[in-house]
Amino acid sequence: MVTLLQRYFPSSGQRKSILHWIFFGMAGVIWLMFIPNSAYIITEIRHLLDYCPVNSLRDVCVSGVWLIMFYFLYSVVGWVSFVLLLDQMKNFLRRAFNTELSRIFVLVVIPIISLGVLLGLINRFNSWEIFIQPLIILDVMLTYFTDLIYLANWIVFTLGLYILYLGGDILFKKRGAKTNNFSIQKEDANSGE
């Protein structure tokens, strides 16, 4: 979705028509509906809590020990996807509008993503159900602001996503900077020949 926005939405300072704004609005809503799925993958590691029978020797399941690596890797893929997809939209907003908006965007959208993940995790809604049952979903969303337990889950999950995003953003930017520096040094060495 962001790739389409980058291709067809004018950069900052360029004139934007009503069709550009409609396209931006529709693409943004679709992106926002499906971005929680990347963070939801992180929660798949929860299956480790109940995959062993209660009476397992030393609480270890010999037949399913390989699942630990599978769930861990699956969660890492979700974390990386979450960070990269959020960065992709942030970079688009920086290019199309300004840097300040892109920073505010991250602060605002992570709690929304967190709420989306919890609606799927606890209430078992799918992203597309917003089209079929919008009033039911809105009613359930209000529970996260009126019930103390739901609110606490949302706050803790939001803080966790902030930490995962910031950690991933720092880690991936350092990695990208090292890769870019290496390619620049390599180009400089080749140009000297």
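In the predicted model, the side chain of Thr158 reaches the backbone oxygen of Trp154 at a distance of 2.7 Å. Thr158 is situated in helix α7, which comprises residues 148-191. With a relative accessible area of 7%, Thr158 is buried, because this value lies under the 20% limit that defines the buried class.

Helix α2 spans residues 18-40 and contains 23 residues. From its first C-alpha to its last, α2 reaches 34 Å, close to the 33 Å expected at 1.5 Å a residue. A kink of about 25° is nevertheless found in α2 at Met33, shortly before the proline Pro36. Both Met33 and Pro36 are among the buried residues of α2. Also buried in this helix are Ala27, Trp31, Ile35, Ser38, Ala39 and Tyr40.

Helix α2 also contributes to a nonpolar surface patch, as it is one of the elements that give two or more residues to it, together with α1 (2-8). The patch has an area of about 460 Å² and is made by Met1, Leu4, Tyr8, Ile30 and Phe34. Of these residues, Phe34 is placed in helix α2. Phe34 has a relative accessibility of 40% and therefore counts as partly exposed, since partly exposed residues fall between the 20% and 50% limits.

A further local feature concerns the backbone of Arg124. This residue is not a glycine, yet Arg124 has a positive phi of about 65°. Arg124 is located in the loop between α4 (99-121) and α5 (129-132).

Technical notes. Residues are numbered from 1 along each chain as its sequence is written. This is a predicted model: local features need pLDDT of at least 70, side-chain atom pairs count only at pLDDT 80 or more; totals for chains, interfaces and linings use all residues. Side-chain values use heavy atoms; hydrogens and water are left out. Helices (H or I, at least four residues) and strands (E, at least two) are DSSP runs, numbered from the N terminus. The expected span of a helix is 1.5 Å times one less than its number of residues. The bend at a residue is the angle between axes fitted to the seven residues ending there and the seven starting there. Buried means under 20% relative accessible area, exposed over 50%, partly exposed in between (1.4 Å probe, protein chains only). Patches are made of residues with over 30% relative accessible area and no salt bridge: like charges are joined within 9 Å, nonpolar side chains (Val, Leu, Ile, Met, Phe, Trp, Tyr) within 5 Å. Accessible areas come from the Shrake-Rupley method with a 1.4 Å probe; for residues, only the protein chains shown count as cover. A salt bridge is a side-chain nitrogen of Lys or Arg within 4 Å of a carboxyl oxygen of Asp or Glu. A polar contact is a pair of N or O atoms within 3.5 Å; within protein, one must be able to donate a hydrogen and the other to accept it, and residues adjacent in sequence count only if both atoms are side-chain atoms.
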